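Student: I should like a close look at a single part of this model. Please treat it in one connected account, and then place it in its surroundings.

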Amino acid sequence: MKGNATLRRVLYVDDEPDILEVARLALELISHLTVTTCSSGREAVAAAIAFKPDLILLDVMMPDMDGPMTLAALQGRSETATMPVAFITATVQSSEIERLLSLGAIGVIRKPFDPLKLGDEIDALWTKR
Amino acid sequence: MSAPRAYTDVMQELRSRFIQRTIQQREQLKTLAAAGIAPANLPEILHICHNLHGTAGVFDLAEIGDIAHQAEDLGKILGQTQPPALDPRWKELAVVIDNLCDLIAALPPRDLPDQA
């Protein structure tokens, strides 16, 4: 079931600070979204509960708690279980993309992404979910 | 799509900072390579290459991202295989790391952070 008709609030989780800043910059200034970021899966669960994003962007390869583990943690909490999640990954293998989608993600964004098109890309995923 | 001035200004700063960090990572790679590309330092090599693979292209440094990708893929395979003495691909990884370092060293002056 869809929530808001328009994508407004995005939580971006990535352990690479450069990527976090570029994504925030692009999504805020180009796509006029409200963005919050955090740098680990552990922070992500608390951030999702507090921020109530329309969409969570989750890096796959993070130390300690990776993207799939973070998604499982989100799915295990009633407050966050239905929040749409899209993975972001540098992986290009189709088998890995299929595995990520099978975990319940609404899509997979490839790294490196084009910052100017990131907003359109996530909006398309969010709209068709 | 033309980006607003506020975006391009900040993006330029972020790019400059990324390049600064990439130059530092090159030094790390050179140190690791000098010690010998081996299983013991593979996790650190993979970490640096993964970071460059995912990030360089965002800052219009796709060639660096591509070589880092090549090194990351090769490193992942070698992480599950035999020790350097038994697998010639370790030497191949050393060559790729060397190429990556050369590429970073050859960044044109306009791409380097302002030293002032």
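Which residue in E3(A) is the bridge partner of A:Val10?

Tutor: The bridge partner of A:Val10 in E3(A) is A:Leu55. The model is a predicted one, and what follows is to be read accordingly. The predictor assigns the complex an ipTM of 0.82 and a pTM of 0.88.

The pair just named belongs to the pairing of strand E1 (residues 9-13) with strand E3 (residues 55-59), both of chain A, which is parallel and extends over 4 bridges. A further pair in this ladder involves A:Val13, whose bridge partner in E3(A) is A:Leu58. E1(A) also pairs with E2(A): 5 bridges join these two strands, and they run parallel. Here A:Leu11 has A:Thr36 as its bridge partner in E2(A).

These pairings are part of an open sheet of 5 strands in chain A, with the order E2-E1-E3-E4-E5 and parallel pairing. Its edges are formed by strand E2 (34-38) and strand E5 (107-110) of chain A, each of which pairs on one side only. On average, neighbouring strands of the sheet are turned by 20° against each other, with direction ignored. In the order of the sheet, E1(A) stands between E2 and E3. Of its 5 residues, 4 are buried, so E1(A) is largely enclosed by the rest of the structure.

Helices of chain A accompany this strand. Together with H1(A) and E2(A), E1(A) makes a β-α-β unit that is right-handed. Helix H2 (residues 41-51) of chain A lies across E1, E2 and E3 of that chain, and runs at about 170° to E1(A).

One residue of helix H2 of chain A, A:Gly41, links this helix to the strand under discussion. Among the contacts of A:Gly41 beyond its neighbours within four places in sequence is A:Val13, the residue that is paired with A:Leu58 in E3(A). The other contacts of A:Gly41 on that count are A:Met62, A:Asp64, A:Met65, A:Asp66, A:Met69, A:Thr70 and A:Ala73. Since 20 or more other C-beta atoms within 10 Å are required for a residue to count as buried, A:Gly41 qualifies because it has 24. A:Ile30 is 11 residues from A:Gly41 in sequence, and their C-alpha atoms are 26 Å apart in space.

Helix H2 of chain A is followed by a loop that leads to E3, and A:Lys52 is found in this loop. Although A:Lys52 is not a glycine, its phi is positive, at about 50°. A:Lys52 counts as partly exposed because it has 13 C-beta neighbours inside 10 Å. Another backbone feature of chain A concerns the edge strand E5: the loop between E5 and H5 contains A:Pro112. The peptide bond that joins A:Lys111 and A:Pro112 is cis, with omega at about -5°.

The helix of the β-α-β unit also takes part in the interface between the chains. In total, 15 residues of chain A are in contact with 18 residues of chain B. On the side of chain A that touches chain B, helix H1 (17-29) and helix H5 (115-128) each supply at least two residues. H1(A) provides the largest share of that side, with 6 residues. Sorted by class, that side of chain A has 11 nonpolar and 4 charged residues, and no polar ones.

The partner chain may be described briefly. Chain B has 4 helices and 0 strands, in the pattern α-α-α-α along the sequence. Its C-alpha atoms fill a box of roughly 55 × 30 × 20 Å along the principal axes. Of the 116 residues in chain B, 31% are buried. Among contacts in chain B with a separation of 6 or more, 57% are between residues 24 or more positions apart. The mean pLDDT of chain B is 90, and 95% of its residues reach 70 or more.

Chain B also has a residue with positive phi that is not a glycine: B:Asp60, at about 60°. B:Asp60 lies in the loop between helix H2 (42-55) and helix H3 (62-78) of chain B, and is partly exposed, with 14 other C-beta atoms within 10 Å.

Definitions and conventions
Residues are numbered from 1 along each chain as its sequence is written. Chains are lettered from A and ligands numbered from 1 in the order in which they are written. This is a predicted model: local features need pLDDT of at least 70, side-chain atom pairs count only at pLDDT 80 or more; totals for chains, interfaces and linings use all residues. Two strands pair if DSSP finds at least two bridges between them. Axes are lines fitted to C-alpha atoms, for helices over the stretch in contact, and angles run from 0 to 180 degrees between N-to-C directions. Two residues are in contact if their C-beta atoms, placed from the backbone, lie within 7 Å. Ala, Val, Leu, Ile, Met, Phe, Trp, Tyr, Cys and Pro count as nonpolar, Asp, Glu, Lys and Arg as charged, and the others, Gly among them, as polar. pLDDT is the predictor's confidence in each residue, from 0 to 100. A residue is buried if 20 or more other C-beta atoms lie within 10 Å of its own, exposed if 12 or fewer, and partly exposed in between; C-beta atoms are placed from the backbone. A crossover is right-handed if, with the strands pointing away from the viewer, the path from the first strand over the helix to the second runs clockwise.
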